[in-house]
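Please open the model in your viewer with side chains shown as sticks, and follow the stops below in order.

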Amino acid sequence: MTTLKAKLQDDLNAAIKERDELRSSTLRLTIAAITKEEVAGKTKRELSDDEVQKVIAKEAKKRREAADAFAQGGRGEQAERERAEGEILDAYLPKQLTDEELEGIVAAAVEEARAAGAEGPRAMGAVMKIVNPKVAGQAEGGRVAAAVKKLLAGG
């Protein structure tokens, strides 16, 4: 078992002993999603810590989107629970980049792409190829794409 998956399992056991319903249900669902990913495909396999982290990030994103949907639908109590579940999952993810840090990385990548001959809005793909490995797990793809578009359009 990978160290991150083992940590999730240990935290789940602790939450059950403490009778923390929110934490235990959130961790149960996340571990189930990890197990589902492990058995997907033709053969069962053990996920690496990076792959486990991607599953956790996907689950956290689902919680944020659900919280927004519940809030728009006037179901504040359910939205609050989804936000709380998202915060529990965020503790297992690397710290997210601030907007300033992300813009700095994107600006450097735009300069690098321009030096390689990519210009204007069509340079999006080239810039994304440079930025994505640098921000992996620290910023959502949508945030990265928005920052790249903003800098390409403005410059």
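This tour of a predicted model visits some of its salt bridges, one selection at a time.

Before selecting anything, keep in mind that the structure holds 12 salt bridges, of which three pairs and one network are visited here.

Start by selecting lysine 5 and glutamate 38, whose side chains meet in a salt bridge at 2.8 Å, N to O. This pair links distant parts of the chain, since lysine 5 sits in helix α1 (residues 3-17) and glutamate 38 in helix α2 (residues 21-39), 33 residues apart. Colour the two by accessibility, and lysine 5 counts as buried at 11% relative accessibility, while glutamate 38 is buried with a relative accessible area of 2%.

Next, select glutamate 51 and arginine 45, where the side chains form a salt bridge of 3.0 Å, N to O. Here glutamate 51 is partly exposed, at 28% relative accessibility, and arginine 45 is likewise partly exposed, with a relative accessible area of 36%.

Then move to helix α3 (residues 49-72) and select lysine 62 and glutamate 59, which lie three residues apart in that helix, about one turn. Their side chains meet in a salt bridge at 3.1 Å, N to O. In this pair lysine 62 is partly exposed, with a relative accessible area of 43%, whereas glutamate 59 is buried, at 7% relative accessibility.

Finally, keep that pair selected and add Glu21, Arg63, Arg81, Glu82 and Glu85, because together with Glu59 and Lys62 these residues are linked in a network of salt bridges, each link being a side-chain nitrogen of Lys or Arg within 4 Å of a carboxyl oxygen of Asp or Glu.

Technical notes. Residues are numbered from 1 along each chain as its sequence is written. This is a predicted model: local features need pLDDT of at least 70, side-chain atom pairs count only at pLDDT 80 or more; totals for chains, interfaces and linings use all residues. Side-chain values use heavy atoms; hydrogens and water are left out. Helices (H or I, at least four residues) and strands (E, at least two) are DSSP runs, numbered from the N terminus. Buried means under 20% relative accessible area, exposed over 50%, partly exposed in between (1.4 Å probe, protein chains only).
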